[in-house]
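Please read the points below with the sequence and the model open. They begin at one glycine and work outward from there.

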Amino acid sequence: MRRLRATAGPLTGRQVWESFTGPNPPARTTVLTVLARLEDKGQVRRLDGAEPVRFEAAAPESEAVAAQMEALLAHASDRRAVLTQFAGLLGPADVAVLTDGPDSAS
């Protein structure tokens, strides 16, 4: 997902695969399988119409992470306790964003 979000536009499966560097990159088929599974989960969008097929993130990272946080909170028996515990883990800059708005931490 980071590789898809780090680019200005959609990527082909080959481009995603080629973005892996290092001594043990994943197999190309593995990358294509992961892209297909992420598409099935709604996290990746396949852009058909032009060859080759290109992929892009279905939502910005902030939206995707917020949805994950909400899904986790939905499973909590005591939502207030979880939110209080989470708030206690936040640093001063994060607290400022929540209390003063998004521009306060800049």
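1. Start at Gly42, which comes just after H3 and takes a positive phi of about 85 degrees. Keep in mind that this is a predicted model. The mean pLDDT of the protein chain is 90, and 93% of its residues reach 70 or more. Confidence is highest in helix H3 (residues 28-40), at a mean of 96, and lowest in helix H6 (residues 92-100), at 89.

2. The length of H3 can be checked by simple arithmetic. Its 13 residues, at 1.5 Å a residue, should span 18 Å, and the end C-alpha atoms are 19 Å apart, which agrees.

3. Which residues of H3 are buried? They are Val31, Leu35 and Leu38. Seen down the helix axis, these buried residues fall within an arc of 65 degrees, so they line one face of H3. The general rule is that an α-helix has 3.6 residues a turn, so residues three or four places apart point the same way.

4. What do the buried residues of H3 pack against? Their partners are two helices, H1 (2-5) and H2 (13-18), and two strands, S2 (44-47) and S3 (54-57). On the face turned away from the buried side, H3 carries the exposed residues Thr29, Arg37 and Asp40.

5. Thr12 lies in strand S1 (residues 11-12). Is Thr12 buried or exposed? Its relative accessible area is 7%, so Thr12 is buried. Leaving aside residues up to four places away in sequence, Thr12 touches Pro52, Val53, Arg54 and Phe55.

6. A last point concerns rings. The structure holds zero aromatic pairs. The charged end of Arg3, however, sits over the ring of Phe20, 3.6 Å from the ring's centre.

Notes. Residues are numbered from 1 along each chain as its sequence is written. This is a predicted model: local features need pLDDT of at least 70, side-chain atom pairs count only at pLDDT 80 or more; totals for chains, interfaces and linings use all residues. Side-chain values use heavy atoms; hydrogens and water are left out. Helices (H or I, at least four residues) and strands (E, at least two) are DSSP runs, numbered from the N terminus. Buried means under 20% relative accessible area, exposed over 50%, partly exposed in between (1.4 Å probe, protein chains only). Contact means heavy atoms within 4.5 Å. pLDDT is the predictor's confidence in each residue, from 0 to 100. Rings of Phe, Tyr and Trp (its six-membered ring) pair if their centres lie within 6.5 Å; planes under 30 degrees apart count as stacked, over 60 as edge-to-face and the rest as tilted. A charge sits over a ring if NZ of Lys or CZ of Arg is within 6 Å of the ring centre and within 35 degrees of the ring normal. The expected span of a helix is 1.5 Å times one less than its number of residues. The arc is that of the directions from the helix axis to the C-beta atoms.
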